Amino acid sequence: MNAPNEGALPNRVGAIDCGTNSIRLLIADVTAEGTLVNVHREMRIVRLGQGVDATGAFAPEAIERTRVALADYAALMRDARVGKVRMVATSATRDAANREVFFEMTRAELGTVVPGAQAEVITGDEEARLSFTGAIGELSDEAGPFVVVDLGGGSTELVFGDADGVQAAYSADIGCVRITERCLPGNPPTAEQVAAAREFATERLAAAFAEVPVERAHTWVGVAGTMTTLAAIALDLP
């Protein structure tokens, strides 16, 4: 994270997670004990990874949608007097050939909060470990070992571990945007398209299940928007 601005609160931090489908903001205060107290959190669907699986590059309209959201987030962080900021980008940015356009945009917007700040690309392994840390942070140690599944837009991370940390992790190149664009053009999709999607998912996840001992977990935790949507459907939420 970059150094705080004059007048900013040194213990108030801003974190932005820019994925293939959504961009999330968390503003929080770091206590003396190292825990976080939420000040503001927000999520928007920007679909940054639109077409990246097929073209290998960001679409201009996807960059613009992300810029608009990030500009709003920057304004919120300025108003909240954020002293430090970190923005991470994941699967789509790892894959895009023209990602420097994305970085230039983030420098312009984040620089209004903390001069010199910009997004950084994290590896699939780091994404898996960060997801695990966040997912089990408030769970009882006795509920472990855990498997955390972070089902994103462009990648899916499987992570196995316990209160002592991660023991196995794998990042697979499959997510809700990637599989929709590649296999599910119909609305609703046909039976043949669904079968192709299942085959694609099975093939891409085989290595993850071979690497991560999910059968040893006592608790399985799902992370990200697809999991939230499935839970809402199962609970018949409006």
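The following dialogue goes through some local features of this structure, beginning with how the model was made.

Student: What should I know about the numbering and the origin of this model?
Tutor: Residues are numbered from 1 along each chain as its sequence is written, and side-chain values use heavy atoms, with hydrogens and water left out. This is a predicted model, in which local features need pLDDT of at least 70 and side-chain atom pairs count only at pLDDT 80 or more, while totals for chains, interfaces and linings use all residues.

Student: How many disulfides does the structure hold?
Tutor: A disulfide is a covalent bond between the sulfur atoms of two cysteines, and here the term is applied to a pair of cysteine sulfur atoms within 2.5 Å. The sulfur of Cys176 has its closest cysteine sulfur in Cys183, at 13 Å, which is too far for a bond. The number of disulfides in the structure is therefore 0.

Student: Is Cys183 buried or exposed?
Tutor: Buried means under 20% relative accessible area, exposed means over 50%, and partly exposed lies in between, with a 1.4 Å probe and protein chains only. Cys176, at 22% relative accessibility, counts as partly exposed. Cys183 has a relative accessible area of 9%, so Cys183 is buried.

Student: How do helix α2 and helix α4 pack, roughly parallel or roughly antiparallel?
Tutor: Helices (H or I, at least four residues) and strands (E, at least two) are DSSP runs, numbered from the N terminus; axes are lines fitted to C-alpha atoms, for helices over the stretch in contact, and angles run from 0 to 180 degrees between N-to-C directions. Helix α2, residues 60-79, and helix α4, residues 99-110, have axes 9 Å apart and pack at an angle of about 25 degrees. Angles under 35 degrees count as roughly parallel, over 145 as roughly antiparallel, 65 to 115 as roughly perpendicular and the rest as oblique. The angle therefore makes α2, relative to α4, roughly parallel.

Student: How many nonpolar, polar and charged residues make up the contact of α2 with α4?
Tutor: Contact means heavy atoms within 4.5 Å, and the residues that α2 brings to it include Ile63, Leu70 and Met77, while those of α4 include Phe102, Met105 and Leu110. Ala, Val, Leu, Ile, Met, Phe, Trp, Tyr, Cys and Pro count as nonpolar, Asp, Glu, Lys and Arg as charged, and the others, Gly among them, as polar. The residues of this contact divide into 8 nonpolar, 2 polar and 2 charged.

Student: How does α6 lie relative to α7, oblique or roughly parallel?
Tutor: The axes of α6 and α7 are 10 Å apart, and the two helices pack at an angle of about 135 degrees. Their contact is made by Ile179, Arg182 and Cys183 of α6 together with residues of α7, among them Gln193, Phe200 and Arg204. The angle means that α6, relative to α7, is oblique.

Student: Which residue follows Asn187 through a cis peptide bond?
Tutor: Most residues other than glycine have a negative phi, and most peptide bonds are trans. One cis peptide bond joins Gly144 and Pro145, with omega about 0 degrees, and Pro145 lies in the loop between α5 and β6. Another has omega near 5 degrees and leads from Asn187 into the loop between α6 and α7, where the residue is Pro188.

Student: What is the phi of Arg47?
Tutor: Arg47 is found in the loop between β3 (36-45) and α1 (52-55), and at 29% relative accessibility Arg47 counts as partly exposed. Ala224, in the loop between β9 and α8, has a positive phi of about 100 degrees although it is not a glycine. Arg47 is not a glycine either, and its phi is positive, at about 50 degrees.

Student: Which residue of strand β3 that is partly exposed is in contact with Ser22?
Tutor: Ser22 lies in strand β2, residues 22-30, and is buried, with a relative accessible area of 14%. Leaving aside neighbours within four places in sequence, the contacts of Ser22 include Asp17, Met43 and Val46. The residue asked for lies in strand β3, has a relative accessible area of 27%, and also has Asn21, Ala69 and Tyr73 among its contacts; this residue is Arg44.
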